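Let's take a walk through this one, starting inside and ending at the pockets. Keep the model open as you read.

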Amino acid sequence: MFVEINKIKKSYGEGESYVQVLKGLSTYVEKGQTCVILGPSGSGKSTFLNAIGGLDDIESGSINIDSLEITKLNSKELSLYRREYLGFIFQFYNLVPNLTVKENIQVCEYLTKEPLDLNELMDILGLTEHQNKFPSQLSGGQQQRCAIARALIKNPKLLLCDEPTGALDYKAAKEILILLEAINKKYGTTMLIVSHNTAIKDMVHRVIKIKDGQISEDYFNTSLIPASQLEW
Ligand SMILES: Nc1ncnc2c1ncn2[C@@H]1O[C@H](COP(=O)(O)OP(=O)(O)OP(=O)(O)O)[C@@H](O)[C@H]1O
Ligand SMILES: [Mg+2]
């Protein structure tokens with residue numbers, strides 16, 4: 001899916017606590033592209049991603065996902081949009097603690113019309129041997145892989161990741177990046193990845209930097225470095 005963002009604005013609070021977080025951002029991400037969103041803490045990255053995911057209202061501007069103007073949808077249409085098209089991955093994995101790995105993924109599988117093959121996906125993500133364990137019995141990297149499986153089981157057209165490696169050590173973070181790269185290649189999933197890890201900029205098609213609620217840099221890479229070769 002392509003993502004077209006046109007002059008979006010968003011603020012929080014009133015009076016003295018008023019802050020404008022998004023100050024009229026515009027950009028366009030093509031179908032099948034991977035895009036990293038970089039920027040200092042508090043610059044508006046998560047707000048931006050949540051707006052695209054329909055998790056947060058914006059004040060003005062528009063967001064089009066393919067032919068759908070999500071800023072015009074009512075809450076029922078929005079949840080349908082999220083269910084049909086979107087995958088979310090967050091820094092903290094949000095797994096259901098009393099369900100096993102497999103059951104956590106199945107919850108999302110059942111909500112989907114044409115899910116991917118569960119066993120194949122668990123295999124790709126290295127989860128087969130852990131499928132009957134509970135989240136508390138897994139390492140951080142394994143939990144994140146389970147969260148990724150849950151987001152991917154519905155074969156989302158758009159994957160939104162907010163600090164997907166933020167809670168992981170170097171090795172696990174690299175593993176996750178290699179996986180995201182493989183998934184984009186295999187399924188052509190459009191991906192927006194918010195991160196503090198600037199090394200990611202070399203493995204993705206597109207780099208967007210946000211500073212103080214505005215896009216301060218926006219460019220395409222002419223050649224990509226495989227995630228396995230990134231160093232940071
Ligand atoms: N619900 C809210 N109410 C009030 N202010 C908020 C709210 N959510 C975010 N903000 C403010 O909006 C600004 C941008 O927040 P946002 O979470 O988008 O930043 P970020 O770039 O994702 O930062 P980080 O890298 O630390 O995750 C911050 O100044 C934050 O304090
Ligand atoms: Mg954030």
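## From the core to the pockets

Start at Leu 127, and skip anything within four places of it in sequence: what's left in contact with Leu 127 is Val 101, Ile 105, Met 122, Gln 142, Arg 145, Cys 146 and Ala 149. Bear in mind as you look around that this is a predicted model.

Leu 127 also belongs to the largest nonpolar core, a set of 30 residues. Along with Ile 105, Leu 159 and Leu 180, Leu 127 ranks among the residues with the most contacts inside that core. Who else chips in? At least two core residues come from each of helices H3 (101–110), H4 (118–124), H5 (140–152) and H6 (170–187), and the same goes for strands E7 (158–162) and E8 (190–194). Apart from this core there's another one, with 28 residues, including Cys 35, Ile 52, Ile 58 and Ile 210.

Now for the open spaces. The largest pocket holds about 400 Å³. Its lining counts 19 residues, and Leu 86, Phe 88, Cys 108, Arg 150 and Lys 154 sit closest to the centre. Helix H2 (75–85), strand E6 (86–89), H3 and H5 each give two or more residues to that lining. By type, the lining splits into 10 nonpolar, five polar and four charged residues.

The second largest pocket comes in at about 210 Å³. Around it you'll find Arg 83, Glu 84, Tyr 85, Leu 111, Thr 112, Lys 113, Glu 114, Lys 154, Asn 155 and Lys 157. Here the tally is six charged, two polar and two nonpolar. Lys 154 turns up in the linings of both pockets.

Key
Residues are numbered from 1 along each chain as its sequence is written. Chains are lettered from A and ligands numbered from 1 in the order in which they are written. This is a predicted model: local features need pLDDT of at least 70, side-chain atom pairs count only at pLDDT 80 or more; totals for chains, interfaces and linings use all residues. Side-chain values use heavy atoms; hydrogens and water are left out. A nonpolar core is a set of buried Ala, Val, Leu, Ile, Met, Phe, Trp, Tyr and Cys residues joined through side-chain atoms within 4.5 Å. Buried means under 20% relative accessible area, exposed over 50%, partly exposed in between (1.4 Å probe, protein chains only). Helices (H or I, at least four residues) and strands (E, at least two) are DSSP runs, numbered from the N terminus. Contact means heavy atoms within 4.5 Å. On a 1 Å grid over the protein atoms alone, a cavity is a set of points where a 1.4 Å probe fits but cannot get out, and a pocket is an open set with protein on both sides within 12 Å along at least five of seven lines; lining residues have an atom within 4 Å of a point. Grid points are joined across faces, edges and corners, and a volume is the space filled by probe spheres set on the points. Ala, Val, Leu, Ile, Met, Phe, Trp, Tyr, Cys and Pro count as nonpolar, Asp, Glu, Lys and Arg as charged, and the others, Gly among them, as polar.
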